[in-house]
Every structure is written in structure tokens, then in C-alpha cells.
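Student: Let us go through this one by question and answer. Please put up the sequence and the structure.

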Amino acid sequence: MLEPLRQGLPPLDPAAVSNAASCALPARYEAVREARLFTRRTLDQWDIGDRFDDVCLVVSELVTNSLRHGLPAGTLCTADQSPPVRLHLMRWTERLVCAVRDPSHATPAPREADDFSAESGRGLFLVDSFADSWGWHPMAGTLGGKVVWALFQLPHPPQPLPAE
């Protein structure tokens, strides 16, 4: 069965990050659409828009899960509060990481479901199916909460042909 990984990201050299972008998402379901638009713009800028469909599906599921399960019941985002959910996109030469931070300390866990045609309850199964790996880790320090991440392998950049 699918088990969430309680670990940090796979070994990645932070100094080798070629691009990074993040956006704050308010505590409302329209934020899922905002996350998809942000992801589309960012991947297009990084010239990896060909991965948009898989990445967008995973981003949508991670943000939806944060909004449904990562916020206290009845949480509303007011103008004087910082939004409680944040999407981070980080690109290395051959990897893309999507990470969603929320204030919950609860372990992300797939639901036991026999009905795979159900409208909800299969988000982490989709994340597991479309991402190359995924996991989560608690936040340290004063931020609190957790980060759930998904990693995508990117195609190797074309190598220049050797001069003859």
C-alpha cells in the first residue's frame, strides 16, 4: 500500500537550484485555480511547459489536500493574516520539485478506498502515480506545520555535438 515518506527532499544540492518561485495561497478553494495558473506561468518561463499536465495535476491535489486537511475547520484568510498555504516550485537541471506548506502537523495519509471512481479520496494516489517520488516533512522553527512535496525528473538537456 502507498506509504507517505516522512523525510526531507531527496539529496539535492541547494546551490544548484537554477530556478525557484513561490506563491501564497489564501484559505479558499479558488486557490487551487490560482495555483494552477501560477504553475503554468512558471513552467512556461522555465521552458518546461511540456510537463504541465502532470505537474498541474499534482499541484492541484497537493493544494486541495492542504486546504481540506491542513487548515483548522472554519479557517478564513483575512486581509491582515498571511495566507496559510504556500506553493513552492524549485527547478534543478534535471529535476522539478513542487512543495506545498500548510500549518498542520498531521501526517498526509492516503485513504483506504475500494471505489477508485469516487470523486474524492484519491489525491495522494494520483500524486504517487504522476510524480516520480513524493514525501513530506515537518517544518522546523517558528513556522510550524509541514511541507508535502513531489519530485519530477526532467529530460536531460540536449548535449552539443562534438566539433569535428
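Student: Which residues does Arg-51 contact, leaving aside its neighbours within four places in sequence?
Tutor: The model is predicted, so local features need pLDDT of at least 70 and side-chain atom pairs pLDDT 80 or more, while totals for chains, interfaces and linings use all residues. Residues count from 1 along each chain as its sequence is written, and side-chain values use heavy atoms, without hydrogens or water. Contact means heavy atoms within 4.5 Å. With sequence neighbours within four places set aside, the partners of Arg-51 are Leu-43, Phe-130, Phe-152, Gln-153 and Leu-154.

Student: Is Arg-51 buried or exposed?
Tutor: Arg-51 sits in the loop between helix H1 (30–45) and helix H2 (52–69). Helices (H or I, at least four residues) and strands (E, at least two) are DSSP runs, numbered from the N terminus. The cut-offs are under 20% relative accessible area for buried and over 50% for exposed, with partly exposed in between (1.4 Å probe, protein chains only). Arg-51 has a relative accessible area of 16%, so the loop residue counts as buried.

Student: What is the pattern of elements along the sequence?
Tutor: The protein has three helices and five strands. Read from start to end, they follow β-α-α-β-β-α-β-β.

Student: What is the strand order in the sheet?
Tutor: The sheet is open and has five strands. Pairing is antiparallel; two strands pair if DSSP finds at least two bridges between them. The order is S1-S2-S3-S5-S4.

Student: Which strands stand at the edges?
Tutor: An edge strand here has a single partner, so one of its sides lacks a neighbour in the sheet. That holds for S1 and S4.

Student: How many bridges join S3 to S5?
Tutor: S2 connects to S3 by a hairpin of three residues, and six bridges hold that antiparallel pair. Arg-86 has Arg-101 of S3 as its bridge partner. On the S5 side, Val-100 stands opposite Val-148, and Asp-102 opposite Lys-146. The antiparallel S3 and S5 are joined by bridges numbering eight.

Student: Why is S3 called largely enclosed by the rest of the structure?
Tutor: S3 has eight residues. The strand is largely enclosed because the number of them that are buried is six.

Student: At what angle does H2 run to S3?
Tutor: H2 lies across S1, S2, S3 and S5. Axes are lines fitted to C-alpha atoms, for helices over the stretch in contact, and angles run from 0 to 180 degrees between N-to-C directions. Against S3, H2 runs at about 15 degrees.

Student: Which element gives the largest share of the largest nonpolar core?
Tutor: A nonpolar core is a set of buried Ala, Val, Leu, Ile, Met, Phe, Trp, Tyr and Cys residues joined through side-chain atoms within 4.5 Å. The largest one holds 34 residues, and Leu-25, Val-59, Val-63, Leu-87, Leu-96, Ala-150 and Phe-152 touch the most other members. Two or more residues come from each of strand S1 (19–25), H1, H2, strand S2 (85–91), strand S3 (95–102), helix H3 (123–130), strand S4 (133–138) and strand S5 (146–153). The largest share, eight residues, is from H2.

Student: How many residues are in the other core?
Tutor: This core lies apart from the largest one. Its members include Met-90, Trp-92, Trp-149 and Leu-151. The count is seven.

Student: Against which elements do the buried residues of H3 pack?
Tutor: The buried residues of H3 are Gly-123, Leu-124, Phe-125, Leu-126 and Val-127. Their packing partners are H2, S4 and S5.

Student: Which residues does Glu-61 touch, not counting those up to four places away in sequence?
Tutor: Glu-61 is in helix H2. At 19% relative accessibility, this acidic-named position counts as buried. Beyond four places in sequence, Glu-61 touches Gly-123, Leu-126 and Val-127.

Student: How far apart in space are Gly-135 and Ala-150, C-alpha to C-alpha?
Tutor: Gly-135 is in strand S4 and is buried, at 0% relative accessible area. Gly-135 and Ala-150 are 15 residues apart in sequence. Their C-alpha distance is 6.7 Å.

Student: Over which ring does the charged end of Arg-40 sit?
Tutor: A charge sits over a ring if NZ of Lys or CZ of Arg is within 6 Å of the ring centre and within 35 degrees of the ring normal. Arg-40 is 3.7 Å from the centre of the ring of Phe-52.
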